[in-house]
Amino acid sequence: MNSTNQIQKAEIHVHLEATITPDLCRKFAHRNKVDLPKDIFGNKYAYEWWDFYDFIKKYDLVTSVIHTPEDYRELTYAYLKECASYNVIYVEAMVSSTHAKLKGMTYDSFIEGVYDASKQAEKDFGIVSRYIMNGIRHLGADSVHNTAVEVIKNPHPCLVGFGLAGDELHFPPNLFVKTFDMLKAENIPITVHAGEWDGPENIRNAINLLHPTRLGHGVRSIEDPELVKEIIDKDIILETCPTSNIATKIYEDYKSHPVKSLFDQGVKVTVNSDDPPFFNATIQGEYKVMDDLGLNEKELTSLTHNAIKYSFCDEENKNKLLAKLN
Ligand SMILES: [Zn+2]
């Protein structure tokens, strides 16, 4: 048994706003005068929730305490510091301008908060981080489109791609074709949440209609061997989040989770913590899961290699990070 502490890690599927710890949540709530319901803090997980729709509700409540670019700076720095302590060398986190603007921040000001923390953490801990702007599908096609237009019009060195997150079941890929055709025409790298709540047909549609090079989760592709083959042939990488899927009851336990089987079949996978305190997940813990499922040190490092190679980071930094792994 190797020690997963020693393995150099990378994380490319984590929602930055959702990394907020209960301590920071209380601190921001106090600072920003937000009255939080007492029952959001839980025993089983850091935040209490009952099913997916309650999870979305609690997610909005918990993240509603983030009001200022300074909050974003503090939150980002805290998460990167924690990751660095797990020997994580690269983080690519999803952010939501929709959230920031709802709280009165401008697009530029919240990104500057994140960017300041990113630079400081790189200086302090050597950890490199980049960010993906998410469109939120359950806010509708227009909202996602407007977010994408804003990204295209306001390039920023720390913003490297566009993602689609939110309610996958009721907001399928075909609603967003125009937006993702536009992003592709602008050469913006794309990742789409698919194959978490919905099955193979939805994953196929995401691949064929939205031009992703990566899928958030994608694990339900296991239900269709032809689709698994297509994912391998098209060199699409899966950002799997085993603990998240078990917490939300998509799979019963790690043994029945498809990540190991997909890995064995030759799919390029990565492991990720998704919304860490909502599931008591850590990136360190996700590597430990793979260790427990039988991956050796070289195979565990291959997860990091996949994450960096298929990240949306510029080639120069990518090569520097990959060189660190060898
Ligand atoms: Zn996610």
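# Helix packing and a few notable residues

Asparagine 187 counts as exposed, since just 6 C-beta neighbours sit inside 10 Å (exposed is 12 or fewer other C-beta atoms within 10 Å, buried is 20 or more and partly exposed is in between, with C-beta atoms placed from the backbone). This is a predicted model, in which local features need pLDDT of at least 70, side-chain atom pairs count only at pLDDT 80 or more, and totals for chains, interfaces and linings use all residues. Residues are numbered from 1 along each chain as its sequence is written. Helices (H or I, at least four residues) and strands (E, at least two) are DSSP runs, numbered from the N terminus.

**Residues with positive phi**

- Asparagine 187 sits in the loop between H7 and strand S5 (190-194), and its phi is near 60°, a positive value in a residue other than glycine.
- Aspartate 274 also has a positive phi without being glycine, near 70°. Its place is the loop between strand S8 (269-271) and helix H12 (276-279).
- Aspartate 274 counts as buried, with 29 C-beta neighbours inside 10 Å.
- Right after H5 comes glycine 126, whose phi is positive too, near 75°.

**Helices H3 and H5**

- Helix H3 (residues 69-85) packs with helix H5 (residues 107-125) at an angle of about 30°, and their axes are 8 Å apart. Axes here are lines fitted to C-alpha atoms, for helices over the stretch in contact, and angles run from 0 to 180 degrees between N-to-C directions.
- H3 and H5 are therefore roughly parallel to each other (roughly parallel is under 35 degrees, roughly antiparallel is over 145, roughly perpendicular is 65 to 115 and the rest is oblique).
- H3 passes H5 in a right-handed crossing (right-handed if the near helix is turned clockwise from the far one by less than a right angle, left-handed if anticlockwise).
- On the H3 side, the residues making contact include Pro69, Tyr72, Thr76 and Leu80; on the H5 side, they include Phe110, Gly113, Ala117 and Phe125. Contact means that the C-beta atoms, placed from the backbone, lie within 7 Å.
- Sorted by class, the contact of H3 with H5 has ten nonpolar, five polar and five charged residues (Ala, Val, Leu, Ile, Met, Phe, Trp, Tyr, Cys and Pro count as nonpolar, Asp, Glu, Lys and Arg as charged, and the others, Gly among them, as polar).

**A closer look at H5**

- The 19 residues of H5 should span 27 Å at 1.5 Å a residue, and its end C-alpha atoms are indeed 27 Å apart. That expected span is 1.5 Å times one less than the number of residues.
- Buried in H5 are Phe110, Ile111, Gly113, Val114, Tyr115, Ala117, Ser118 and Ala121.
- The cover over those buried residues of H5 includes H3, strand S2 (88-95), helix H4 (97-102), strand S3 (128-136) and strand S4 (159-165).

**Helices H6 and H7**

- The axes of helix H6 (residues 141-153) and helix H7 (residues 177-185) come within 9 Å and cross at roughly 15°, and the two helices are therefore roughly parallel to each other.
- H6 passes H7 in a left-handed crossing.
- Val144, His145 and Ala148 of H6 meet Lys178, Thr179, Met182 and Leu183 of H7. That contact has four nonpolar, two polar and one charged residues.

**Helices H14 and H15**

- H14 and H15 pack at an angle of about 170°, with their axes 10 Å apart. That makes H14 roughly antiparallel to H15.
- H14 brings Thr301, Thr304, His305, Ile308 and Lys309 to the contact, while H15 brings Lys318, Leu321, Leu322 and Leu325. By class, that is four nonpolar, three polar and two charged residues.
- At 1.5 Å a residue, the 13 residues of helix H14 (residues 297-309) should span 18 Å, which agrees with the 18 Å between its end C-alpha atoms.
- Leu300, Leu303, Thr304, Asn306, Ala307 and Ile308 are buried in H14, under a cover that includes strand S1 (9-11), S2, strand S7 (237-240), S8, helix H13 (283-292) and helix H15 (315-325).

**Phenylalanine 41 and aspartate 54**

- Phenylalanine 41 lies in the loop between helix H1 (22-31) and H2. With 16 other C-beta atoms within 10 Å, phenylalanine 41 is partly exposed.
- Not counting residues up to four places away in sequence, phenylalanine 41 touches Pro22, Tyr47 and Glu48.
- Aspartate 54 belongs to helix H2 (residues 52-63), and is exposed, with 11 other C-beta atoms within 10 Å.

Key. Two residues are in contact if their C-beta atoms, placed from the backbone, lie within 7 Å.
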